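Got your viewer open? Let's take a walk through this protein, one selection at a time.

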Amino acid sequence: MHPAPAIAALWLVWLASWLAAAFWADPAQKRAGLQAELRYRVVTVLGAMLLFIPAHGYAGRLRLWIPNRIEAWICVALIAVGLAFAWWARLHLGRLWSGTVTAKAEHHVVDTGPYRLVRHPIYTGLLLAILATMAAKGTVWGIAGAALVIIGTVIKARLEERFLRAELGSAYDDYARRVPMLVPFAPA
C-alpha cells in the first residue's frame, strides 16, 4: 500500500469526525465576530487548498523532493499523532470547545491534560499533522499551503489569546506565564 491513500484517509476521517462533533458543544455567550475572524479564515482555507493538491505521481519542477517509502510512512505516523493530539485536546476541553473564537457560559481556564503542555493543543496537533503532510508531498504548493495554514493558525491563536485575556483576566494571564502557546516545553 502506498502512503498517499493513508494520508488522505486520516485527514478525511479527522474532518468528518471533527465536523460531526461540532454539535457537541455548549452555545456561545460571546463571540469575537466574523470581521475579527475573517483574516485567519481566508488565509487558512487558501493554505489548505494548496496543501491538499495531490502530489502522488507528480515529478515536475514543482516537486522538490520525493520521500522514500519509510520516510512517507513516518509522515503518516506523525499525521496520526498530530490528529490524535488534537482530538485529545478537544475531548479534554469538552463542551467548552468551539470552532470560532468564543466564550461559553461558565468559561474558565483549562490547564489540565494537553492544556498543561501548551495553551492551544488543538492547533499544536494540527500543525504537526500539516507539517508532516507537507513533508510527505515535497511540493512547492505543499510548502506554500503549509506556510499559509501556519500563518492562519498563529493569527487565530493570537486573536484567541486577546479574547481570552479580556474574558478571563488575570487567571488567563497566570496560565500564559506558565504554559507555552504552541510548542511544548518551549519557554512560556
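Before we start, one term: two residues are in contact, or touch, when they have heavy atoms within 4.5 Å. Also keep in mind that this is a predicted model.

**Stop 1: a loop residue.** Select Thr100. You'll find Thr100 in the loop between helix 3 (69-93) and strand 2 (102-104). Is Thr100 buried or exposed? Its relative accessible area is 16%, and buried means under 20%, so Thr100 counts as buried. Now show what Thr100 touches: leaving out residues up to four places away in sequence, you should see Arg31, Glu37, Tyr40 and Arg41.

**Stop 2: the largest core.** Next, select Trp11 and Ile122. These two have the most contacts inside the largest nonpolar core, which has 39 residues. Which elements give two or more residues to this core? They are helix 1 (3-21), helix 3, helix 4 (121-137), helix 5 (140-168) and helix 6 (170-178). Helix 4 gives the most, with nine residues. In soluble globular proteins, nonpolar side chains tend to be buried together.

Keep Trp11 selected and light up its contacts. Neighbours within four places in sequence aside, they are Phe52, Ile79, Leu83, Leu126, Ala129, Ile130 and Thr133. Apart from the largest core lies another one, of six residues, including Val101, Ile155, Leu159 and Phe163.

**Stop 3: Leu83.** Click on Leu83, which lies in helix 3. With a relative accessible area of 5%, Leu83 is buried. Skipping residues up to four places away in sequence, Leu83 touches Leu10, Trp11, Trp14, Gly125, Leu126 and Ala129. Try the distance tool on Leu83 and Leu10: they are 73 residues apart in sequence, but their C-alpha atoms are 8.2 Å apart in space.

**Stop 4: helix 4.** Now select helix 4 from end to end. Helix 4 has 17 residues and reaches 24 Å from first C-alpha to last, close to the 24 Å expected at 1.5 Å a residue. Why is helix 4 largely enclosed by the rest of the structure? Because 14 of its 17 residues are buried. Just past helix 4 comes Gly138, and its phi is positive, near 70 degrees.

**Stop 5: out to the surface.** Finally, turn on the surface and select Ile70, Ile74, Leu78, Val81 and Leu128. Together they make a nonpolar surface patch of about 430 Å². Helix 3 supplies the largest share of this patch, four residues. Finish on Val81, which lies in helix 3: its relative accessible area is 48%, so Val81 is partly exposed.

Methods. Residues are numbered from 1 along each chain as its sequence is written. This is a predicted model: local features need pLDDT of at least 70, side-chain atom pairs count only at pLDDT 80 or more; totals for chains, interfaces and linings use all residues. Side-chain values use heavy atoms; hydrogens and water are left out. Buried means under 20% relative accessible area, exposed over 50%, partly exposed in between (1.4 Å probe, protein chains only). A nonpolar core is a set of buried Ala, Val, Leu, Ile, Met, Phe, Trp, Tyr and Cys residues joined through side-chain atoms within 4.5 Å. Patches are made of residues with over 30% relative accessible area and no salt bridge: like charges are joined within 9 Å, nonpolar side chains (Val, Leu, Ile, Met, Phe, Trp, Tyr) within 5 Å. Accessible areas come from the Shrake-Rupley method with a 1.4 Å probe; for residues, only the protein chains shown count as cover. A salt bridge is a side-chain nitrogen of Lys or Arg within 4 Å of a carboxyl oxygen of Asp or Glu. The expected span of a helix is 1.5 Å times one less than its number of residues.
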